Amino acid sequence: QVQLVESGGGLVQAGGSLRLSCAASGSISGINAMGWYRQAPGKLRELVATHSNGGNTNYADSVKGRFTISRDNAKNTVYLQMNSLKPEDTAVYYCQADIWAKGILRGYWGQGTQVTVSS
């Protein structure tokens, strides 16, 4: 059974910082891309940032220069450092990973962690 467990969300004032973590566990043979998505109330889930297992990163235009995605392959963990937070960053943040387990590659999602930025 593969699980993604997120942590690090919370309430922060505009201009502040938060660091999200997402650890994958279970019968994992390998992990391809890992990333973060977010969903604000009344809106569709959107990509925030992705990190390939080769080190390539990709960011939504709205977070470029403020957010940094990183990854520790030894710990099967992906991080999202969020700086200069804005009220419009308020959303539930979800971790996503493409994981090989028992010979099958499939996408997995975490349960989500709430990030609230007050003005």
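1. Buried means under 20% relative accessible area, and by that cut-off Cys 95 is buried, because its relative accessible area is 0%. Cys 22 also counts as buried, since its relative accessibility is 0%. Please keep in mind while reading that this is a predicted model.

2. The two cysteines just named belong together, for a disulfide joins Cys 22 to Cys 95, with a distance of 2.1 Å from S to S. As general background, a disulfide is a covalent bond between the sulfur atoms of two cysteines. The count of disulfides in this model comes to one.

3. Where in the fold does the disulfide pair lie? Cys 22 sits in strand E3, which covers residues 18-25, while Cys 95 sits in strand E9, which covers residues 91-101, and so the pair ties together parts that are 73 residues apart in sequence. The angle about the S-S bond is -80°, and the link of Cys 22 and Cys 95 is left-handed.

4. Turning to another residue, Arg 106 is found in strand E10, made up of residues 104-109. Is Arg 106 buried or partly exposed? Arg 106 counts as partly exposed, because its relative accessibility is 45%, a value that lies between the limits of 20% for buried and 50% for exposed.

5. The surroundings of Arg 106 can be described in two ways. Leaving aside residues up to four places away in sequence, Arg 106 touches Ala 97, Asp 98 and Ile 99. Arg 106 and Ile 31, for their part, are 75 residues apart in sequence, and their C-alpha atoms are 9.7 Å apart in space.

Definitions and conventions. Residues numbered from 1 in each chain as written. Predicted model: local features only at pLDDT ≥ 70, side-chain atom pairs only at ≥ 80, totals over all residues. Heavy atoms only, no water. Helix = DSSP H or I, 4+ residues; strand = E, 2+ residues; numbered from the N terminus. Buried < 20%, exposed > 50% of the residue type's maximum accessible area, 1.4 Å probe, protein only. Contact = heavy atoms within 4.5 Å. Disulfide = S-S within 2.5 Å.
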